[in-house]
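Student: I have a new structure open and don't know where to start. Can you walk me through it?

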Amino acid sequence: MTNFNAIQEALVGCDQEKVIQLVNDSLDSKTPASDILNQGLIAGMDIVGEKMENGDMFIPEVLMAAQAMGKCVEILKPLLGEDETVGGANVIIGTVKGDLHDIGKNLVSMMLESAGLTVYNLGVDIEPSVFVEQIKEKNAQVVCLSALLTTTMPMMKQTVDAIVESGLRDQVKIFVGGAPVTQNFSDEIGADGFAPDAGSASKLVKTYVN
């Protein structure tokens, strides 16, 4: 019988070796891969997200937990049926044109992948037209825009405007984040939501997807 709590605890404790061992033990005991993923790993990353929001875990620890999760997902992937992989939404994430910051964006990306979503991380300094192209190409349902400088915040509005002009606005939810970004700013530029940190960003996107 798999102890899903032990998997969650090892993940929250950033103990990569132990998580991998527990996942392999669970597979040896014939626990379905989808149960290990959902009840062990994803539930564990939900706890990590909450702890980050509450200030009980910090970026280096969250990154370690997300990396451990990633290793375990690699083990489970060949054993998951197409319909068992979680999420079902395509997410595009990138830092807007003129801004080269990526730690926060990468953390959000890892946490969304940990939740089982398909994430296309475009990188930094991304033109509005590239976001539009990628929405079409990847058939995205969610777009996450990051900006860490007050000087690049207007580029978020230009990106939202470009998505509106392309006729794709009804297809996607647009979420924004980054140190200088606020809920008011999100409302002003016509985004669907704002998150102050990676934990709440992950929760926000998952709420929409579910």
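Tutor: We will go through one helix, then the cysteines, then some backbone angles. Keep in mind that this is a predicted model.

Student: OK, how many residues does helix H7 have, and how far does it reach?

Tutor: H7 covers residues 153-165, which is 13 residues. From first C-alpha to last it reaches 19 Å, close to the 18 Å expected.

Student: Which residues of H7 are buried?

Tutor: Met-153, Met-155, Met-156, Thr-159, Val-160, Ala-162 and Ile-163. They cover an arc of only 160 degrees around the axis, so they sit on the same side of H7.

Student: And what do they pack against?

Tutor: Two helices, H6 (128-138) and H8 (183-189), and two strands, E3 (142-146) and E4 (173-177).

Student: Switching topic. How many disulfides are there?

Tutor: Zero, in a search of the whole structure.

Student: Why no bond for Cys-72?

Tutor: The closest cysteine sulfur, in Cys-14, is 12 Å from the sulfur of Cys-72, which is too far for a bond.

Student: Is Cys-72 buried or exposed?

Tutor: Buried, at 0% relative accessibility. Cys-14 is buried too, at 15%.

Student: Where is Cys-14?

Tutor: In the loop between helix H1 (4-12) and helix H2 (16-28). Its phi is positive, near 60 degrees, though Cys-14 is not a glycine. Most residues other than glycine have a negative phi.

Student: What about Asp-125?

Tutor: Asp-125 also has a positive phi, about 60 degrees. Asp-125 lies in the loop between strand E2 (118-121) and H6, and is partly exposed at 31% relative accessibility.

Definitions and conventions:
Residues numbered from 1 in each chain as written. Predicted model: local features only at pLDDT ≥ 70, side-chain atom pairs only at ≥ 80, totals over all residues. Heavy atoms only, no water. Helix = DSSP H or I, 4+ residues; strand = E, 2+ residues; numbered from the N terminus. Expected span 1.5 Å × (residues − 1). Buried < 20%, exposed > 50% of the residue type's maximum accessible area, 1.4 Å probe, protein only. Arc of directions from axis to C-beta. Contact = heavy atoms within 4.5 Å. Disulfide = S-S within 2.5 Å.
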